[in-house]
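Here are my notes for a first look through this model. Keep the sequence and the 3D view open side by side while you read.

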Amino acid sequence: MKKLTATVLFSSLAMAASATAIADGAATYTKACQACHATGAANAPKLGDKAAWGPRIAQGNDVLYTSVIKGKGAMPPKGGQMQLSDDEIKAAVDYMVVQSK
């Protein structure tokens, strides 16, 4: 019974942490990424565009994180928001991936 209770508790905490990360990612997206990823400015893949995001998602999140943190193409490092932590950037990437699958 203790194992079952621990498993349920751990699962609940993991789901809560995941929901918090998605909410944080959404907030970061709104303040730092939306200007380009909502409009497609400078060929940025639009949020929710499965065709545009599919090949990017297939490369894995670590590749996406590196592209955003270091910059790629017209996108400057961290989307020009250098005050953001790597964890905030990763949360925004995770949010965009979930919205674009």
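**Notes on the pocket, the core and a few single residues**

1. Let's start with the largest pocket. Helix α1 supplies the largest share of its lining, with 6 residues. Please keep in mind that this is a predicted model. The elements that each give two or more residues to the lining of this pocket are α1, α2, α3 and α4.

2. How much space lies in the largest pocket? It comes to about 610 Å³. There are 30 lining residues, and the ones closest to the centre of the pocket are H37, A44, P45, K72 and M75. If you want to find the pocket on screen, those five residues are the ones to pick. As for how empty space is found, rolling a probe the size of a water molecule over the atoms shows where it is left.

3. What is the lining of the largest pocket made of: how many residues are nonpolar, polar and charged? The split is 20 nonpolar, 7 polar and 3 charged.

4. Now step back to the whole chain. The protein has 4 helices and 0 strands, so reading from the N terminus the order is simply α-α-α-α. Helix α1 covers 2-37, α2 covers 50-58, α3 covers 61-70 and α4 covers 86-100.

5. Some totals for the protein are handy to have. Of its 101 residues, 25% are buried. Its accessible surface is about 6,400 Å², and carbon and sulfur atoms account for 62% of that. Among contacts with a separation of 6 or more, 54% are between residues 24 or more positions apart.

6. Next comes the largest nonpolar core, which has 15 residues. Which of them touch the most other members? They are C33, V93 and M96. Helices α1, α2, α3 and α4 each give two or more residues to this core, and α4 gives the most, with 6.

7. V93 deserves a click of its own. Leaving out residues up to four places away in sequence, V93 touches L64, Y65 and V68. Those three positions fall within the 61-70 span of α3.

8. S67 also sits in helix α3. Is it buried or exposed? S67 counts as buried because its relative accessible area is 17%, with the cut-off for buried set at under 20%. Beyond its neighbours within four places in sequence, S67 is in contact with K72 and M75. Both of those partners are among the residues closest to the centre of the largest pocket.

9. Two loop residues have a backbone angle worth checking. A42, in the loop between α1 and α2, has a positive phi of about 55 degrees although it is not a glycine. K78, in the loop between α3 and α4, also has a positive phi, near 55 degrees, and is a residue other than glycine. Where they part ways is burial: A42 is exposed, with a relative accessible area of 58%, whereas K78 is buried, at 12%.

10. E88 is found in helix α4. It is partly exposed, with a relative accessible area of 30%. Which residue lies 64 residues away from E88 along the chain, with C-alpha atoms separated by 7.5 Å? That residue is D24. Not counting residues up to four places away in sequence, E88 touches T28, K31 and Q83. Of these, T28 and K31 fall within the 2-37 span of α1.

11. A51 makes a good last stop. It lies in helix α2, and why does A51 count as exposed? The reason is its relative accessibility of 64%, since exposed means over 50%. Its C-alpha atom and that of K101 are separated by 9.1 Å, although A51 and K101 are 50 residues apart along the chain.

12. To retrace the tour, begin at the pocket around H37, A44, P45, K72 and M75. From there, go to the core members C33, V93 and M96. Then finish with the loop residues A42 and K78.

Terms used: Residues numbered from 1 in each chain as written. Predicted model: local features only at pLDDT ≥ 70, side-chain atom pairs only at ≥ 80, totals over all residues. Heavy atoms only, no water. Core = buried A, V, L, I, M, F, W, Y, C linked by side-chain atoms within 4.5 Å. Buried < 20%, exposed > 50% of the residue type's maximum accessible area, 1.4 Å probe, protein only. Contact = heavy atoms within 4.5 Å. Areas by Shrake-Rupley, 256 points an atom, 1.4 Å probe, with all protein chains shown as cover. 1 Å grid on protein atoms, 1.4 Å probe; cavity = no way out; pocket = protein on both sides within 12 Å on 5 of 7 lines; lining within 4 Å. Points joined across faces, edges and corners; volume = space filled by probe spheres on them. Nonpolar A, V, L, I, M, F, W, Y, C, P; charged D, E, K, R; others polar.
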